[in-house]
Amino acid sequence: MSENLDGPENHDPNLPLYIGTRTFLTRRDLVLSFYTTKCQFQCTYCALPTRSATFEVTAEQINRQIDHVFTEKADQLGRYRQLSFGNEGSALDPRRFHRESVDHLLHRARDMENLEILSIETRPEYVKRDYLEHIAKTTHAPRLDVTVGFETQDDFIRQTVLKKKISRRVMEDRVALLGALGVKLTSYVLVKPAPRMSDEHGVREAVATMEYLKEICDRYGTELTIYLTPTYIAEGSSLQQTTEPGDWTPPTIQSVFEVVLAGHGMGLPVYTGLWSEELADESTDFRGREGYDPELRMAMVRFNRDQDVAHLLPFVNRPLALAG
Ligand code: SF4
């Protein structure tokens, strides 16, 4: 899926980091990651800022990245019903993703005549009423989605282990704002987010996080989608450098499957990230676990596309003898 992916020093600031496509919950989705000044947060599990610039990337350069995408995809724009964009950080952070570049993207995206959802990846603190109202007025997309990484309802894991610096108070405040503005929320949820966690505990924790997010979204009338991320040790992340071998084992594919079923049972759309953004190898994600079942992974990939539970049913209650 990746079309442009270089180290930060070699990357041309006139080209985006990533142009990909996927079918996201029935919609063909054009997924873009732009090359901007790197995210200033240092969440311990995340190596995404290592792809970004250590210098100022100007609005003109970001606009050229946008023009590159729309030139390259010119004959396919009518295919997409969703446009998802980010910058390996927060696309609503105006110091990194300049507002005029967001406007430029929204204007270029007018050529996507079948666009239904514009999805923006950001940290919650950049979700501001005036900016979202401006985006809603400028885009022709009928629905907006904001995608954030709340990751886990466990405050100790989120704030101390992962160093997310996202409080429940901020999250709930932004969920209320999204509900008031009629903007959808997609939240990343990590499966097995802490070292020395058993697979069973990882499932319980992810289910508790989905329940918490559903409860606050229901309270404020905010439409919620869950994006599950099976935790992996990203190369270049602080976790990779600070944990001892064996401290951190990725979840089994079977335990991720249990979380998908639980989310579906709660009535939530659930999409699962079944790859590692090229920042892990087989030994550091679920593919390296004993009992890894590639057919189960494929069933979950199909479920990502259309949310048809029929893909999952043949795997329900299969013996998990090796899932340990
Ligand atoms: S998780 Fe998000 S906020 Fe944290 S370091 Fe990575 S890109 Fe930045």
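A nonpolar core here is a set of buried Ala, Val, Leu, Ile, Met, Phe, Trp, Tyr and Cys residues joined through C-beta atoms within 7 Å. Buried means 20 or more other C-beta atoms within 10 Å of a residue's own, with C-beta atoms placed from the backbone.

Some ground rules before we start. We're working on a predicted model, where local features need pLDDT of at least 70, side-chain atom pairs count only at pLDDT 80 or more, and totals for chains, interfaces and linings use all residues. Residues are numbered from 1 along each chain as its sequence is written.

**Exercise 1. Find the largest nonpolar core and say where it lies.**

Step 1: The largest core has 65 residues, and L83, A206, L228, V256, V259 and V260 have the most contacts inside it.

Step 2: Look for the top contributor: helix α6 (residues 199-220) gives 7 residues to this core, the most of any. Helices are DSSP runs of H or I, at least four residues, and strands are runs of E, at least two, numbered from the N terminus.

Step 3: Domain 1 (1-141) and domain 2 (150-179 + 186-315) both supply residues, so the core lies between them. Those bounds come from an automatic or database domain assignment. As background, nonpolar side chains tend to be buried together in soluble globular proteins.

**Exercise 2. Work out the strand order of the sheet and pick out its edges.**

Step 1: Pair the strands, asking for at least two DSSP bridges between two of them. You get an open sheet of 8 strands, β1-β2-β3-β4-β5-β6-β7-β8, with mixed pairing.

Step 2: β1 (18-24) and β8 (270-272) each have a single partner strand, so one side of each has no neighbour in the sheet.

**Exercise 3. Place β6 among its neighbours.**

Step 1: Strand β5 (residues 143-151) runs parallel to β6, joined by 5 bridges. One pairing to check is E151 with V189 in β6.

Step 2: With β7 (residues 224-230), β6 (residues 184-191) also runs parallel, through 7 bridges. Here T186 has T225 as its bridge partner, and L190 stands opposite T229.

Step 3: Now the burial: 6 of the 8 residues of β6 are buried, so the strand is largely enclosed by the rest of the structure.

**Exercise 4. Is V203 buried or exposed?**

Step 1: Locate V203 in helix α6.

Step 2: Count its surroundings: V203 has 23 other C-beta atoms within 10 Å, so V203 is buried.

Step 3: For a distance check, the C-alpha atoms of V203 and L190 are separated by 9.7 Å, and the two residues are 13 apart along the chain.

Notes: A residue is buried if 20 or more other C-beta atoms lie within 10 Å of its own, exposed if 12 or fewer, and partly exposed in between; C-beta atoms are placed from the backbone.
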